[in-house]
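Reader: I would like a close look at a single part of this model, followed by whatever else can be said about its buried charges and contacts. Please keep it plain.

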Amino acid sequence: MDTKLLKPDDKNKDALLKEAAAIIRSGGLLGIPTETVYGLGADGLNPRAVTNIFLAKGRPQDNPLILHVPDVSWLERYCHDIPDLAYELADLFWPGPLTMILPKKDTVPSETAAGLDTVGIRCPANDLTREIIRLADRPVAAPSANISGKPSCTTAEAVMEDFSGRIDAVIDDGPCGIGVESTVIDMTVTPPQILRPGGMPAETLEAVIGSISVDKAATRTLKADETPRSPGMKYRHYAPKAPVTAFTGEADATARAIKEALSEGCGIICFEEYIPLFDGFPVQTLGQSHDALAHARHIFSALRAFDHLPVTRILAQCPGPDGLDFAVSNRLKKAAGFHIIEV
Ligand code: TXA
Ligand code: MG
């Protein structure tokens with residue numbers, strides 16, 4: 001299969017969006033841009049198309065997909081017993097990086113929900129993708145567009161790297177504005193619980209809802225007898241080929257600790273201001289240490305970049321625990337298999 005890279009501009013936009021919607025309607029696979037990461041999309045109501053997403057990614061069958069909708073009015077097509085709070089959050093934060101878990105209607109095939117009686121719904125903040133969903137008149141099921149276990153993709157080129165020849169097309173809308181996946185919040189429990197930290201900081205949600213707990217799978221490795229509430233949280237994730245060690249603590253101190261731990265074959269992920277410390281080693285930057293949005297935008301491309309370099313070990317400065325950095329540090333710690341050095 002020849003995978004098309006479709007880059008809409010002012011002249012060809014209408015035709016390309018129609019072509020993309022036709023791919024969805026005919027049961028094909030389409031790389032879609034969102035504000036968080038690129039998604040691997042298909043008709044979320046078509047069991048065969050959805051099964052092909054799992055096959056293309058090598059994704060475990062018990063890990064449910066998120067349904068993407070163009071606006072809040074589609075919520076009732078796929079969910080029941082929707083609490084008022086869900087409408088309030090949609091009103092405040094959609095389109096945006098927030099996925100809400102709600103009781104699912106029978107309209108959603110069990111393949112999409114991986115057998116659960118709930119479904120995750122999100123309205124992405126990308127005009128092209130929302131328009132494709134509207135034109136297709138289908139909710140688009142889309143996990144992150146990466147081979148299962150690898151770091152997610154924040155550019156169309158990265159999606160091509162993982163899926164060229166195996167999907168119908170990728171819509172290229174440039175690099176993603178946020179760079180880490182959506183925050184997943186379970187609305188079926190009171191108070192709601194965060195199952196996956198993401199692009200919508202917990203503090204922003206807490207300002208509306210009050211205190212929210214975060215599932216323990218987000219911060220540490222689970223013990224053998226523990227189950228995460230979000231199936232995806234139990235799998236090894238975001239991992240480049242070389243093993244990663246994450247250094248947590250104050251930035252000056254973690255930079256010094258990495259410098260002391262350096263050996264031949266090391267690759268470094270660090271904040272911009274510490275690059276000169278690692279002269280002679282391959283370095284990927286997360287941006288300035290105070291710039292959480294830059295960390296989010298850089299984390300996956302930094303991890304993926306080392307797969308093209310001859311490094312045997314990756315040492316990384318880990319962002320702090322607050323705001324958007326919480327999601328970035330979660331991704332980095334998972335990439336490290338929770339191999340963490342606290343400085
Ligand atoms: O930003 C995002 O959310 C991206 C873009 C493409 O929208 N999508 C994404 O999908 O990250 P995925 O499949 O890579 O991650 C979805 C996460 C998984 O951890 C999955 O287990 C969880 O959401 N999830 C989905 N449906 C769920 C459900 N019904 N109950 C609990 N967790 C669910
Ligand atoms: Mg994913």
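Which residues are buried in helix 1?

Author: This is a predicted model, and what follows should be read with that in mind. In helix 1, the buried residues are Leu-16, Leu-17, Ala-20, Ala-21, Ile-23 and Ile-24. They lie on the same side of helix 1, because the arc they cover around the axis is only 155°. Asp-14, Ala-15 and Lys-18, on the other side of helix 1, are exposed.

The cover over the buried residues of helix 1 comes from several elements. It includes strand 1 (4-6), strand 2 (30-32) and strand 3 (39-43). It also includes helix 6 (127-136), strand 7 (140-141) and strand 8 (169-171).

The length of helix 1 can be checked as well. Helix 1 has 13 residues (residues 13-25), which at 1.5 Å a residue should span 18 Å. The C-alpha atoms at its ends are 18 Å apart, so the expected span and the model agree. Just after helix 1 comes Gly-27, with a positive phi of about 90°.

Strand 1 and strand 2 lead on to other parts of the model. In the segment before strand 1 lies Thr-3. Thr-3 counts as buried, at 11% relative accessibility. Its side chain has two backbone partners. One is the backbone nitrogen of Gly-165, which the side chain of Thr-3 reaches at 2.7 Å. The other is the backbone oxygen of Ile-167, 2.7 Å from a polar atom of the side chain of Thr-3. Leaving aside neighbours within four places in sequence, Thr-3 is in contact with Gly-165 and Ile-167, and also with Met-160, Phe-163, Ser-164, Arg-166, Asp-168, Ala-169 and Val-170.

After strand 2, the loop that runs to strand 3 contains Glu-35. Glu-35 is one half of a salt bridge with Arg-122, in which the closest N and O atoms are 2.9 Å apart. Arg-122 belongs to strand 6 (residues 118-122), so the pair ties together parts that are 87 residues apart in sequence. Both partners are buried: Arg-122 has a relative accessible area of 2%, and Glu-35 has one of 9%. A search of the whole structure finds 12 salt bridges.

Two others among the salt bridges share Asp-162. In one, the side chain of Asp-162 meets that of Lys-150 at 3.1 Å, N to O. Lys-150 sits in the loop between strand 7 and helix 7 (156-163), and Asp-162 in helix 7; the two are 12 residues apart, and the pair links distant parts of the chain. In the other, the side chains of Asp-162 and Arg-304 meet at 2.7 Å, N to O. Here Asp-162 lies in helix 7 and Arg-304 in helix 10 (residues 292-305), so this pair ties together parts that are 142 residues apart in sequence. Salt bridges with shared partners join Lys-150, Glu-161, Asp-162 and Arg-304 into one network. As for exposure, Lys-150 counts as partly exposed, at 24% relative accessibility. Asp-162 is buried, with a relative accessible area of 6%, and Arg-304 is buried, with one of 5%.

Arg-59 presents another case. Arg-59 is buried but has no salt bridge. The nearest side chain of opposite charge is that of Asp-62, 7.6 Å away, whereas a salt bridge requires the nitrogen and the carboxyl oxygen to be within 4 Å. The side chain of Arg-59 does reach the backbone oxygen of Pro-64, at 2.8 Å. Arg-59 is found in the loop between helix 2 (47-57) and strand 4 (66-68). Not counting residues up to four places away in sequence, Arg-59 touches Phe-54, Pro-64, Leu-65, Pro-143 and Ser-148.

One further buried residue lies in the loop that leads to helix 10. Leu-286 is found between strand 14 (283-285) and helix 10, and at 0% relative accessibility Leu-286 counts as buried. Beyond its neighbours within four places in sequence, Leu-286 is in contact with Ile-269, Cys-270, Phe-271, Ala-294, His-295, His-298, Ile-299, Gln-317 and Pro-319. The C-alpha atoms of Leu-286 and His-237 are separated by 19 Å, the two residues being 49 residues apart along the chain.

Terms used
Residues numbered from 1 in each chain as written. Chains lettered and ligands numbered in written order. Predicted model: local features only at pLDDT ≥ 70, side-chain atom pairs only at ≥ 80, totals over all residues. Heavy atoms only, no water. Helix = DSSP H or I, 4+ residues; strand = E, 2+ residues; numbered from the N terminus. Expected span 1.5 Å × (residues − 1). Buried < 20%, exposed > 50% of the residue type's maximum accessible area, 1.4 Å probe, protein only. Arc of directions from axis to C-beta. Contact = heavy atoms within 4.5 Å. Lys, Arg positive; Asp, Glu negative; His and termini not counted. Polar contact = N/O pair within 3.5 Å; in protein donor to acceptor, adjacent residues only side chain to side chain.
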